[in-house]
Amino acid sequence: MNKHIRTSLAGLLTSTMITGAAFAAGTHPETGETLADDQTFIYRLGDEHTSVDPQVVEDTYGAEIVRDLFEGLMNQDEAGNLVPGVATGYTANDTKDVYTFTLRDNAKWSNGDPVTAGDFVYAWKRAVDPALSSPYAWFMELMSIENAAEIIAGNAPIDDLGVKAIDDHTLEVRLSAPLPYFPQMTTHSTTFPAPQKVIEEFGDAWTKPENIVSNGAYIWTEHLPQERSVRERNEMYWDNENTILDKVVALIINDENVALTRYLAGELDRTEVPAGQFPRLSQEHPEEAISFPRLCNYYYTFNLSDGGPEAFKDPNVRQALSLAVDRDIITEKVMAGGQPQAYTFAPEATAGFTVPEVEMASMTQAERDELAKELLATAGFGPDNPLSFDMVYNTNEDHKKVAVALSQMWKQKLGVQVELANMEWKVFLEERGNQNFDLARGAWCGDYNEASTFLDLLQSQSGYNDGKFNNARVDELLAEAKTSDDPAPLYTEVERIIAQETPVIPIYHYAGVYMMDTDVGNWPVDNVEQNWYSRNLYKTAE
Amino acid sequence: MLAYSLRRLLVAIPTILLLIVACFFLMHYAPGGPFTSERPLPPQVLANIEARYGLDQPLWKQLWDYLYNIVVHFDFGPSFKFKDRDVNDIIAQGFPISLTYGSLSFLVATVVGVSLGIAAAIRHNSWIDYFAVGLGIAAQALPNFIMGPILILTFTLWLGWLPGGGWNGGQWPYLIMPVIALATSYMGSIARITRSSMLEVLNSNFIRTARAKGLPTRTVIWRHALKPTLLPVVSYLGPVFVYVLTGSVFVDIYFSTGGLGQAYVGSALSRDYAVLLGVTILYGALTVVVNLLTDLAYAWFDPKIRY
């Protein structure tokens, strides 16, 4: 015990000395910028996170914290490319169903214990364990890890999971199906290692700041629910000497306008810009207001199930409605935050995805409106037989503005009668999931940076396919893409079919719209998933 | 009076039980559940989670287990949303915060409101009266969800005097804005009620008698008029006391105080059944106790009332 404390103290001293040496001069080692003395980053969180347990966390706020506290096999760099994490690299067999990761030998937990392959095996088995009942257990199934589905269903023992520690620094993963993008998925928090001893000692309370042991660049030092949480430099982290930011403070501010006021008062380094305020803010604070594309889409889905409206069974009607949406007005006047207009389901920002040339995108709005009228007339709707339907969205000011704009466009251009209805979130999800709607709002953020994370939503058997779109060719193409070395052309064809059949009306793709203090260095605007790591950030002297 | 109090507290038990049962069933029949999410969970995963929390049991069994745990272990169950905290934790953390800014707001609202009301009534139709009435109406017309942003804009952004939010263990710079925001509208109502009640009392026969026998105005007001004046104010203060003590969701949202109000509304939206029930029971119990105290206070204010 004594010896252990001494070693960790020694480690602490050495690393402080190294840190001191690297940054005492107060300049950034690569860019040469003068660094601020106080390396604290304060940002706004819109809501309390659900958990900082890597296998349990299910919300983005929590995942952001977990990415700082824990480190998985692979990380992402500022552009979203795969870079080594605890693993220095990996190899795959020819059939791409066995992956072998080599772990670095200097990775440590915050209590000084080494991070071993066994910690990953424990964590991954934990994720599928019915006793833990993780809401993200499905992610292990999505990763196609051998026997994951059977274990979750309780039909196989946990030890059958296709993951094995060959030795302390070699981890072997067997998949039930070949998966070319498997390594990308190991940047997801569900796959991060977990400290078995600590979890067994404290149970559910292991994630409290006084109990937690973690292997990331930061440790969890303070948590006041609904108010703030603090994470501070982990001196045991293997790359601590290259970590500049000392402290990260997340303040929970539910109201985004209050958050903006507090940002302007200098209490925050980063906050979100409320819809519609970006043009004003970028004029008043051109250096601070930033906008960049994100990996999320915003769309409306038709109910194509048997119980859905008859009118929507005709692709002409669906296409007419999509054509008549003036996306320019939505993105420039309503949202006004630099959101890209959407004519395809997967965002252009998706890695390895080329937006196919959809006919609609190259037309002028006048041409689209003209075609929309023709199509609707062909379908038998006109002034004496107007199309009418209900559209639902979840209660939210921004969604309301978009819905009102859409219904007005359809009314003015096509004489369509639309009844708007908003629903509280959980009610909305249940109604949409049970196909109790005509036209419903939808949005999706990619779980990983690959087009299938979006396009799979339109696969006929998908649990997320609330519109019940069913196209045999789409299913076939998506199945083929799973194992293909070059799935891009397949995705392009899927998007072409979607444009033709119009099961959904893509409206826009999300943008990250922030007020960011100019002294925050290296915010990864090019990482479309916004997987940011505090250890890559720094504060410059003002 | 002791017997009366005990009787009231005994009656409270079935009342709270009824509250629990009603709330329990309403909650379970509301569409959506705690694990309804945008990414619908695969049936097997959902089944595992429901089994873990006992949600796969019949409703009557769930209700029975819930009551049993409360009575025997004083355990109000886990939070479905916040995995490392249970309901006891959430209440233990949020209630003291709500209690602090709530009781301060109550104090401010009562003291300022009653003083304003009395001053206005004594100087009826003078500038003090107009000022007090004007202030009272303005304060009442400014609900806390308007006051919050206005205060933050003024004191944080423009003047830079106060932190825009947070709790920091309840240090006074963090308390000022939440207390003002929460107190103003109640203060307005209290001032109005006090004023009209005082005016009525001042016109009554026993006050005329007191004046006629030559008592100084000060004695008339303090010894004879004040107690009957406060009777309607006290019946208004009872429920207000519960409201402010249990925290305000608006104060919690605008000032990030971390109080119970936000946890309560949040739990309803996320269908966090146990948290919702736990806080409801707390509110219910508080209401019962405060109502009893209000009734007992009546007897002090009005000797005609006997229990």
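Two strands are taken as paired if DSSP finds at least two bridges between them. The exercises below concern a predicted model.

**Exercise 1. The sheet of chain A**

Task: Determine the strand order of the open sheet in chain A, identify its edges, and describe the helix that packs on it.

Solution.
1. Begin with strand E5 (residues 98-103) and strand E7 (residues 170-174) of chain A, which are joined by 5 bridges. The cut-off for pairing is at least two bridges, so these strands count as paired. Their directions are antiparallel, and within this pair A:Val98 lies opposite A:Arg174 of E7(A).
2. Extend the pairing to the whole sheet. In chain A, 4 strands follow the order E4-E5-E7-E6, with antiparallel pairing.
3. Locate the edges. Strand E4 (87-92) and strand E6 (163-167) of chain A each have a single partner strand, so one side of each has no neighbour in the sheet.
4. Add the geometry. From one strand to the next, the twist averages 20°.
5. Place the helix. Helix H3 (residues 117-128) of chain A packs on the sheet and touches E5, E6 and E7 of chain A. The direction of H3 makes about 170° with that of E6(A).

**Exercise 2. The fold of chain B and one helix pair**

Task: Characterise the architecture of chain B, then analyse the packing of H6(B) against H7(B).

Solution.
1. Count the elements: chain B has 12 helices and 0 strands.
2. Consider the extent and burial. The C-alpha atoms of chain B fill a box of roughly 85 × 55 × 30 Å along the principal axes. Of the 307 residues in chain B, 39% are buried.
3. Examine the contacts. Among those in chain B with a separation of 6 or more, 71% link residues 24 or more positions apart.
4. Turn to the pair. H6(B) and helix H7 (residues 172-202) of chain B pack at about 145°, their axes being 9 Å apart; the crossing is right-handed.
5. Identify the residues. H6(B) contributes, among them, B:Met147, B:Leu151 and B:Phe155, while H7(B) contributes residues including B:Met177, B:Ile180 and B:Leu182. By class, this contact has 8 nonpolar, 4 polar and no charged residues.

**Exercise 3. The contact between the chains**

Task: Describe the side of chain B that touches chain A.

Solution.
1. Count the participants: 40 residues come from chain B and 42 residues from chain A.
2. Assign them to elements. Helix H2 (43-53), helix H6 (144-158), helix H10 (249-255) and helix H11 (260-269) of chain B each supply at least two residues to this side.
3. Classify them. The side of chain B that touches chain A comprises 18 nonpolar, 14 polar and 8 charged residues.

Conventions:
Residues numbered from 1 in each chain as written. Chains lettered and ligands numbered in written order. Predicted model: local features only at pLDDT ≥ 70, side-chain atom pairs only at ≥ 80, totals over all residues. Contact = placed C-beta atoms within 7 Å. Nonpolar A, V, L, I, M, F, W, Y, C, P; charged D, E, K, R; others polar. Axes fitted to C-alpha atoms, helices over the stretch in contact; angles between N-to-C directions. Buried ≥ 20, exposed ≤ 12 C-beta atoms within 10 Å, placed from the backbone. Left-handed = near helix turned anticlockwise from the far one by under 90°.
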